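Hi,

Here is the structure I said I would pass on. Have a look at it first, and then read on for what turned up.

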Amino acid sequence: MSAHGSDSGAGCVGSYVAVHIACYIETLYLSHNFSLRANNTKTYPKFQFGKKKLRSSAGICEKMFSSWKVLKKLVTRGLIVTGYLGYTGCVIHCAQEYIADVVICQGPSMEPTLYSNDIMITEHISILRRNINKGDIIICRSPSNPKEFICKRVKGVPGDKIRKGFSSTVVPRGHVWLEGDNKNNSTDSRSYGPVPIGLLRSRAVCRIYPFEKAKMFSNS
């Protein structure tokens, strides 16, 4: 039994030492953990704040960059559309000024050849080349009102003698003599004399409306 008694005393001493060592290790661990937590409380908020600041700055830069990209796309598309519209407008303007045009007639001065609301196609090339012949139906600015366009027939070219009542008039160079087909209801060269060629705009080619009266015009 004594042997068992001595073994119990040694176990108690060993247990006592082990408990002290465990307490010492636990104390070291707790003190070390506390120091880590203390250090973390000092540095972690600063580090976390800096990280948030970096993230917020990066987000702002990304939003600004995406907004700039959208604005750049809108401006680019706007410039492209404006360019196409400008180009189309220039083409249409040049075509109407130098190639062909559509004209709607108003008034009785060209009856029975043309009536009010008749629509015809006119061309500008003959006028630009000064290729004007007697019998042509032309569109020109009114000598008495330059804001108004008139439709008349060429009755005389430079050098022609035009009888006017009991007298005659020679069409001077650079002018034409214009008269309406409805002589009883037309204000023309019989009133304001020869018309400068510079006022001529276009020559009538054909009537396209009314459709049943569509036809090409001749020099008669």
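To start with a small one: does tyrosine 209 count as buried, partly exposed or exposed? It is partly exposed, because its relative accessibility comes to 37%. Do keep in mind throughout that this is a predicted model.

I picked that residue since it takes part in an aromatic pair, and the count for the protein comes to one such pair. The partner is phenylalanine 211: the two ring centres sit 5.2 Å apart with the planes at 90 degrees, so the arrangement is edge-to-face. Phenylalanine 211 itself is exposed, at 65% relative accessible area. Between the two comes a backbone feature, as the peptide bond from tyrosine 209 to proline 210 is cis, with omega near 0 degrees. Proline 210 belongs to the loop between β9 and β10.

Now the overall picture. The protein has three helices and 10 strands, and from the N terminus the order is α-β-β-α-β-β-β-β-β-α-β-β-β. Of its 220 residues, 23% are buried. The exposed surface is about 15,800 Å², with 63% of it supplied by carbon and sulfur atoms. Taking the contacts with a separation of 6 or more, 50% are between residues 24 or more positions apart.

You will probably want the pockets. The largest has a volume of about 450 Å³. It is lined by 25 residues, and Gln106, Glu148, Phe149, Ile150 and Cys151 are the closest to its centre. The elements giving two or more residues to that lining are β1 (100-104), β4 (149-156) and β9 (200-209), with β4 providing the largest share at four residues. By type, the lining splits into 12 nonpolar, nine polar and four charged residues.

The second largest pocket holds about 180 Å³ of space. Among the residues lining it are Glu97, His124, Arg130, Arg141, Phe149 and Arg201. Here α2 (125-128) and β9 are the elements that contribute two or more residues, and the lining divides into six nonpolar, two polar and four charged. Phe149 appears in this lining and also in the list of residues closest to the centre of the largest pocket.

A few more backbone details, in case you plan to check the geometry. Most residues other than glycine have a negative phi, and most peptide bonds are trans. Against that background, the bond from glutamate 111 to proline 112 is cis, with omega near 5 degrees. Proline 112 is in the loop between β1 and β2 (119-123), and asparagine 117 is found in that loop too. Asparagine 117 has a positive phi, near 75 degrees, and is partly exposed at 46% relative accessibility. Arginine 130, from the lining of the second largest pocket, also has a positive phi, of about 60 degrees. Arginine 130 lies in the loop between α2 and β3 (137-141) and counts as exposed, since its relative accessibility is 51% and the cut-off is over 50%.

Last, methionine 216, in strand β10 (residues 215-216). Which residues does methionine 216 touch, leaving out those up to four places away in sequence? They are Val205 and Cys206. The C-alpha atoms of methionine 216 and valine 205 are 6.1 Å apart, with their positions 11 residues apart in sequence. Methionine 216 is exposed all the same, with a relative accessible area of 58%.

Cheers

How values were computed: Residues numbered from 1 in each chain as written. Predicted model: local features only at pLDDT ≥ 70, side-chain atom pairs only at ≥ 80, totals over all residues. Heavy atoms only, no water. Buried < 20%, exposed > 50% of the residue type's maximum accessible area, 1.4 Å probe, protein only. Contact = heavy atoms within 4.5 Å. Areas by Shrake-Rupley, 256 points an atom, 1.4 Å probe, with all protein chains shown as cover. Phe/Tyr/Trp six-rings, centres within 6.5 Å; stacked < 30°, edge-to-face > 60°. 1 Å grid on protein atoms, 1.4 Å probe; cavity = no way out; pocket = protein on both sides within 12 Å on 5 of 7 lines; lining within 4 Å. Points joined across faces, edges and corners; volume = space filled by probe spheres on them. Nonpolar A, V, L, I, M, F, W, Y, C, P; charged D, E, K, R; others polar.
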